[in-house]
Amino acid sequence: MTTPLPTTSEKPSPTLSSLSPLQRSPLLTHLLTPITPTLTSLPLLLSTFISGLADSASYNAWSAFVSMQTGNSVFLALGASSQPLTRPYGWLKSLTSIIFFMLGCAFFARLMRALGHGGRTRLALAGSFAIQAAMMFTAAGLATGKVVPTPDGLISPPASPPMFVELVPLALLAFQAGGQIVASRVLGHSEIPTTVLTSVYCDLTSDAGVLKGDNAVRDRRVMGVVCLVLGGIVGGWVSRSAAGLGTVFWIGGGLKCGLVGAWLGWKPEREGEGGKGNKRRRGW
């Protein structure tokens with residue numbers, strides 16, 4: 001006599017986020033606890049600095065951005081008329097960056113939501129930034145190991161046929177950049193997109209209270225501009241130095257590892273702070 005197969009009416013195994021506190025270990029409870037939104041703008045501002053690092057270095061080396069997809073969209077459009085003439089396959093680099101940035105946004109958004117509380121748990125944020133750091137380290141290794149052509153200080157690599165291996169670090173860096181902007185949305189800081197400044201410039205100058213003394217949103221926008229520009233300056237100087245292009249990405253990945261530790265130790269959400277970033281809050 002054969003044993004009957006289990007029926008489909010059996011309850012599926014619970015997900016991590018659906019477990020009750022009594023079913024979780026203390027570590028799992030800690031990881032799945034949503035964080036307080038207080039001061040979450042600071043890690044996002046550091047992420048904006050990292051975007052400046054990566055974009056300045058990637059554009060200088062491969063003539064494509066990894067975060068600023070508006071610029072890549074223009075380069076892609078120019079490719080329809082085979083311009084610029086000095087970069088016949090520039091459109092392909094831009095298209096690769098755009099596609100992988102969008103894939104990164106889709107991946108990180110779904111991953112973070114799956115880990116509970118709309119992605120505001122310690123595990124969701126730390127896991128997202130750990131993946132981003134790993135991708136930056138991989139790109140850094142490719143550049144340091146000369147797997148991809150990189151400028152040697154002020155001297156560009158000699159002219160050669162297109163090397164499509166450059167698409168690999170571009171794809172990795174663009175994919176991880178999607179995680180940053182998703183984090184800014186999850187935490188309710190749309191004024192710090194971490195990857196682009198066009199909308200920030202508009203919102204900053206059109207803000208009716210831009211000259212008020214107490215305007216935290218304005219202050220975060222200004223700091224976002226400063227961080228991205230400063231990151232671009234640092235990335236430019238490091239990539240032209242003896243340290244080389246790879247060092248820029250090693251720095252970016254190291255900073256993201258620091259953010260992983262910060263998210264893991266972030267204070268828990270207090271009563272009344274629920275919701276997407278609690279937009280009613282004041283201060284940083």
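**Exercise 1. Is Arg-120 buried, partly exposed or exposed?**

Start with the ground rules. This is a predicted model, where local features need pLDDT of at least 70, side-chain atom pairs count only at pLDDT 80 or more, and totals for chains, interfaces and linings use all residues. Residues are numbered from 1 along each chain as its sequence is written, and side-chain values use heavy atoms, with hydrogens and water left out.

Step 1. Take the cut-offs: buried means under 20% relative accessible area, exposed means over 50%, and partly exposed lies in between (1.4 Å probe, protein chains only).
Step 2. Arg-120 has a relative accessible area of 10%, so Arg-120 is buried.

**Exercise 2. Find the salt-bridge partner of Arg-120 and place both residues.**

Step 1. A salt bridge is a side-chain nitrogen of Lys or Arg within 4 Å of a carboxyl oxygen of Asp or Glu.
Step 2. The side chain of Arg-120 meets that of Glu-269, at 2.5 Å from N to O.
Step 3. Arg-120 sits in the loop between helix 4 and helix 5, and Glu-269 in the segment after helix 9. The two are 149 residues apart, so the pair links distant parts of the chain.
Step 4. Glu-269 is partly exposed, with a relative accessible area of 24%.

**Exercise 3. Describe the salt bridges of Arg-220 and Arg-221.**

Step 1. The structure holds 5 salt bridges.
Step 2. Arg-220 meets Glu-191 through their side chains (2.4 Å, N to O). Arg-220 lies in helix 8 and Glu-191 in the loop between helix 6 and helix 7 (198-206), so the bridge ties together parts 29 residues apart in sequence.
Step 3. Arg-220 is buried at 5% relative accessibility. Glu-191 is buried at 9%.
Step 4. Arg-221 meets Asp-207 in a salt bridge of 3.8 Å, N to O. Arg-221 is in helix 8, while Asp-207 is in the loop between helix 7 and helix 8, 14 residues apart.
Step 5. Arg-221 is buried too, at 13% relative accessibility.

**Exercise 4. Outline the fold.**

Step 1. Helices (H or I, at least four residues) and strands (E, at least two) are DSSP runs, numbered from the N terminus.
Step 2. The protein has 9 helices and 0 strands.
Step 3. Of its 284 residues, 48% are buried.
Step 4. Contact means heavy atoms within 4.5 Å. Among contacts between residues at least 6 apart in sequence, 76% join residues at least 24 apart.

**Exercise 5. Which residues of helix 3 are buried, and where do they point?**

Step 1. In helix 3 (residues 69-79), the buried residues are Gln-69, Gly-71, Asn-72, Phe-75 and Gly-79.
Step 2. Down the helix axis, these residues fall within an arc of 150 degrees, so they line one face. The arc is that of the directions from the axis to the C-beta atoms.
Step 3. They pack against helix 2 (41-62), helix 4 (90-114) and helix 6 (167-186).

**Exercise 6. Explore the largest nonpolar core.**

Step 1. A nonpolar core is a set of buried Ala, Val, Leu, Ile, Met, Phe, Trp, Tyr and Cys residues joined through side-chain atoms within 4.5 Å.
Step 2. The largest one has 50 residues. Trp-62, Leu-125, Leu-173, Val-182, Leu-245, Phe-249 and Trp-263 touch the most other members.
Step 3. Elements giving two or more residues include helix 5 (122-144), helix 8 (216-240) and helix 9 (245-264).
Step 4. Not counting residues up to four places away in sequence, Trp-62 touches residues including Leu-173, Leu-245 and Phe-249.
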